[in-house]
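Could you walk me through this protein fold with a few questions and answers? I would like each answer to show its reasoning.

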Amino acid sequence: MPEKIDYHAKIPNNVNLADDRRLQRALEGWQPKFLNWWGEMGPTLETQGVYLRTAVSVGREGWAHFDHVNVPDYRWGIFLAERDPDRRIAFGEHQGEPVWQQVPGEYRADLQRLIVIQGDTEPASVEQQKLLGLTAPSLYDLRNLFQVNVEEGRHLWAMVYLLHAYFGKEGREEAEALLFRNSGSPDTPRILGAFNEETADWLAFYMFTYFTDRDGKYQLGTLKESSFDPLSRTCEFMLKEEAHHMFVGTTGVDRVVTRSAELIREHDTYDIAAHGGIPLDIIQKYINFHYTVSLDLFGSETSTNAANYYTAGLKGRWQETRRKDDHKLTDSSVFLDRPNGDGTWGKEEVQALLALNLDLRSEYIADCQNGLNRWNKILEDNGIDFRFRLPHVGFNRSVGLTAGYHVAPDGSLIDEATWEANRKNWLPTSADLAFVRSLMHPVYERGKIAGWVAPPTNGINGKPFDYEYVYLP
Ligand SMILES: [Fe+2]
Ligand SMILES: [Fe+2]
């Protein structure tokens, strides 16, 4: 039986924190700073209880407990997936050796860096979503927003635990810095670009949870393969929580598309803005933006850092253990598309080990396409000819091979004037953003929903849509 977590402890955990007084004191010292940060940078809307799920064990069955919780009293805790005493390193130069329970000195700096970069994204998204509670389209959506926010807060706890437990004084300093940097701050921004963009409306929230949380899923998937076992176990449990965030995104966009399709049929026009719906071309522009800023999170297509992390066993591939190859990649190669500089595309052969970011990104892109297929099915079922498309991988990129080029959504390499002339057709304009924002009004009556989005087909944890998911003052 998986152990139950003691909720009377100041910091609920399944890592025997009570047996390590030094670590417990260090984390208890960080806790009030976290709560201050939550108070200042977390959700603006005041509530008197949100129907939230809280982890009560890490076992496969029944780890989640649902109840109304006053958000600042949420029990952020430290939960690692159970330890497999026989686990061995699956890849790289240490393949076959037992996994590490402590940080090897030679990899200390790299592991710390990987944990800090992952950790920095968690509070960033809470900051980005801070104001959304003021305009939620229903109590159901409001509840989902808070669920995502508290779990991102817990993911921050997960990374801070690793920093405190395994990286000494430097780790504690990094843990403080995670609260000091803020999304969009001119002086102390978050580390990665996509986490400094605002999530200014609910369509952006659904897109963020679809595309950007999905990047998180793939990054956590690579860290889950890590030879540093505590990191692996932490990420494995985070992935369970992450699945709900992507559910919010997938079904959120489903519901917007469903409502837009209804309005298109009802009024027999694509021009549904006047009828309070979000036109399909604006939804496509949101897809283009959120997808491409998320692609940037995968880094450059070729990377010696990624190769070194792999060889050292710090970070694996997506589903490393299911791959049928030598798990060293020193003898294989892959082909890469790159602009030739004369407006055409060429192919380049690179060592597979150097193209690990590209490998992960390809897995991610295939997964993203599933959402597009769903949304297109909704259009098809409504007899609507419009189809959503993922833009070309080189479109609107600030990182990687095409960062210095202008690439149209269809993949053609274009000059700057053509880019500037068409940009308004491809990416949300300030008028598009203002229009979507104009639709955002809170709907906080039980069972009611805003006019631009369809209700969900199911509620949370078997509750109906009209359940009182959030108690408001
Ligand atoms: Fe997260
Ligand atoms: Fe997430």
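Here is a friendly tour of this predicted model, going from the overall fold to single residues.

Q: How many helices and strands does the protein have?
A: Happy to start with the inventory. The secondary structure of the protein comprises both helices and strands. Counted up, there are eleven helices and seven strands.

Q: What is the radius of gyration of the protein, and what would a compact globule have?
A: The C-alpha trace extends over about 65 × 60 × 40 Å along its principal axes. For 473 residues, a compact globule would come out near 23 Å, and the protein agrees with this because its own radius of gyration is 23 Å.

Q: Among contacts between residues at least 6 apart in sequence, what percentage join residues at least 24 apart?
A: Here we look at contacts in the protein and set aside pairs that are less than 6 apart in sequence. Of the contacts that remain, the share joining residues at least 24 apart is 69%.

Q: Which residues touch the most other members of the largest nonpolar core?
A: In soluble globular proteins, nonpolar side chains tend to be buried together. In this model, buried residues make up 43% of the 473 residues, and the largest nonpolar core has 108 residues. Its largest share, 16 residues, is supplied by α3. The members touching the most others are Val160, Leu203, Met207 and Val256.

Q: Which residues does Val160 touch, leaving out those up to four places away in sequence?
A: Val160 is one of the core residues that touch the most other members. With residues up to four places away in sequence left out, its contacts are Trp30, Gly119, Ala175 and Leu178.

Q: Are α3 and α6 roughly parallel or roughly antiparallel?
A: Two packed helices are described by the angle between their axes and the distance between the axes. For α3 (residues 139-166) and α6 (residues 229-267), the axes lie 10 Å apart and the angle is about 170°. That angle is over the cut-off of 145 degrees, so α3 is, relative to α6, roughly antiparallel.

Q: How many nonpolar, polar and charged residues form the contact of α3 with α6?
A: On the α3 side, the participants include Val148, Glu151, His155 and Leu162. They meet α6 residues, among them Leu231, Met238, Glu241 and His245. Sorted by character, the residues of this contact are eight nonpolar, six polar and two charged.

Q: Is Val150 buried or exposed?
A: Val150 sits in helix α3, and it touches Leu52, Val71 and Tyr74 once residues up to four places away in sequence are left out. Its C-alpha lies 23 Å from that of Arg446, a residue 296 places away in sequence. Because 25 other C-beta atoms lie within 10 Å, Val150 is buried.

Q: What is the phi of Leu329, and where is this residue found?
A: Leu329 is not a glycine, yet its phi is positive. With 23 other C-beta atoms within 10 Å, Leu329 is buried. Its place is in the loop between α8 (304-312) and β3 (333-339), and its phi is about 65°.

Q: Is Asn396 buried or exposed?
A: Asn396 is another residue that is not glycine but has a positive phi, near 55°. Its loop runs between α9 (356-381) and β5 (406-407). Since 22 other C-beta atoms lie within 10 Å, Asn396 is buried.

Q: Which residues does Asn382 touch, leaving out those up to four places away in sequence?
A: Asn382 lies in the loop between α9 and β5. It is partly exposed, with 15 other C-beta atoms within 10 Å. Thr199, 183 residues away along the chain, has its C-alpha 30 Å from that of Asn382. Leaving out residues up to four places away, Asn382 touches Ala261 and Arg265.

Q: How far apart in space are Gly299 and Tyr471, C-alpha to C-alpha?
A: Gly299 is in the loop between α7 (280-296) and α8, and it counts as partly exposed because it has 18 C-beta neighbours inside 10 Å. Beyond residues up to four places away in sequence, it touches Asn357 and Val399. Tyr471 is 172 residues away in sequence, and the C-alpha to C-alpha distance is 42 Å.

Q: How far apart in space are Val56 and Pro12, C-alpha to C-alpha?
A: Val56 belongs to the loop between β1 (49-55) and β2 (64-69). With 18 C-beta neighbours inside 10 Å, it counts as partly exposed. Pro12 is 44 residues away in sequence, and the C-alpha to C-alpha distance is 9.0 Å.

Conventions:
Residues numbered from 1 in each chain as written. Chains lettered and ligands numbered in written order. Predicted model: local features only at pLDDT ≥ 70, side-chain atom pairs only at ≥ 80, totals over all residues. Axes fitted to C-alpha atoms, helices over the stretch in contact; angles between N-to-C directions. Helix = DSSP H or I, 4+ residues; strand = E, 2+ residues; numbered from the N terminus. Parallel < 35°, antiparallel > 145°, perpendicular 65-115°, else oblique. Contact = placed C-beta atoms within 7 Å. Nonpolar A, V, L, I, M, F, W, Y, C, P; charged D, E, K, R; others polar. Rg over C-alpha atoms; globule rule 2.2 N^0.38 Å. Buried ≥ 20, exposed ≤ 12 C-beta atoms within 10 Å, placed from the backbone. Core = buried A, V, L, I, M, F, W, Y, C linked by C-beta atoms within 7 Å.
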